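Colleague: I'm new to reading protein models, and I'd like to learn with an example in front of me. Could you walk me through one?

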Amino acid sequence: AKTFVEQWAPRVDNLKHARHRGMLRVILGETIEQQRFFEQALRQAPADADPRTRAAMLSNLALVEKGTGHYDQALRFSIDALEQQRRIGDLAGEALSLNNLGALHLDRGDFAAAGEYLKPGLALCDRHGLISTRGLVLANLTSAALNLGQHDAAEAHARRALEHAEAAGNR
């Protein structure tokens, strides 16, 4: 896979291909290279590049920044991705970005702020049947509630997460 990644031209003509190339770097554990690649791809992308892919790349870059401990930069990329997803009406992307923002605040120890993103993320999941993201949001809401000492809410979220996992065949 590494040879395949290296053979791809560095010029970004197609943002989707660039995103996939960056994700291959994740699989290979090349965090810094992935970060540089996503940044370059976003700079070089044509103005008419697919806005969903651009938002996904911003989200991916935010996760890289978070993984390297650059929380402020991760927050900026996450908010940019969320704004882009809202602008184009990408409800699934918006729910995932809300979850990622909540998770970022969990990692920072700001559990109340985490809930401010996770609760609307869960509402989107429930309203639009976004089952793949719902389990993530419920798990993060459980963690936020536990850390805030809201044990009844944590138990309710955990029960819902387990029910969701069982319904999805994920035991």
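Modeller: Gladly! Keep in mind that this is a predicted model. Let's begin with a single residue: Arg 134 sits in helix 8, which covers residues 131-147.

Colleague: Is Arg 134 buried or exposed, and why?

Modeller: The general idea is to compare the relative accessibility with a cut-off, and buried means under 20%. Arg 134 counts as buried because its relative accessibility is 13%.

Colleague: Which side chain does the side chain of Arg 134 make a polar contact with?

Modeller: For that, we look at pairs of N or O atoms. Here the partner is the side chain of Asp 126, at 3.0 Å. Leaving aside residues up to four places away in sequence, Arg 134 touches Leu 122, Cys 125, Asp 126, Gly 129, Arg 160 and His 164.

Colleague: Now the nonpolar cores. How many residues does the largest one have?

Modeller: A core is a set of buried nonpolar residues joined through their side chains. The largest in this model has 19 residues, and Leu 122 and Cys 125, both touched by Arg 134, are among those with the most contacts inside the core. Ala 95, Ala 114, Leu 118, Val 137 and Leu 141 belong to that group too. Two or more residues of this core come from each of helix 5, helix 6, helix 7 (111-128) and helix 8. There is also a second, separate core of 5 residues, including Leu 58, Ala 62, Phe 77 and Ala 81.

Colleague: What does Ala 114 touch, not counting residues up to four places away in sequence?

Modeller: Ala 114 is in contact with Gly 102, His 105, Leu 106 and Ala 144.

Colleague: What about empty space? How many cavities of 30 Å³ or more are there?

Modeller: A cavity is a space where a probe fits but cannot get out. The count here is 1, and the largest cavity holds about 60 Å³. Helix 4 (51-67), helix 5 (71-88) and helix 6 (91-108) each give two or more residues to its lining. Helix 4 provides the largest share, 4 residues. Ala 62, which we met in the second core, is one of the lining residues, as are Lys 66 and Asn 100.

Colleague: By class, what is in that lining?

Modeller: It has 4 nonpolar, 4 polar and 1 charged residues.

Colleague: And how many helices and strands are in the whole chain?

Modeller: The chain has 9 helices and 0 strands. Of its 171 residues, 43% are buried. Finally, among contacts with a separation of 6 or more, 47% link residues 24 or more positions apart.

Key:
Residues numbered from 1 in each chain as written. Predicted model: local features only at pLDDT ≥ 70, side-chain atom pairs only at ≥ 80, totals over all residues. Heavy atoms only, no water. 1 Å grid on protein atoms, 1.4 Å probe; cavity = no way out; pocket = protein on both sides within 12 Å on 5 of 7 lines; lining within 4 Å. Points joined across faces, edges and corners; volume = space filled by probe spheres on them. Nonpolar A, V, L, I, M, F, W, Y, C, P; charged D, E, K, R; others polar. Buried < 20%, exposed > 50% of the residue type's maximum accessible area, 1.4 Å probe, protein only. Polar contact = N/O pair within 3.5 Å; in protein donor to acceptor, adjacent residues only side chain to side chain. Contact = heavy atoms within 4.5 Å. Core = buried A, V, L, I, M, F, W, Y, C linked by side-chain atoms within 4.5 Å.
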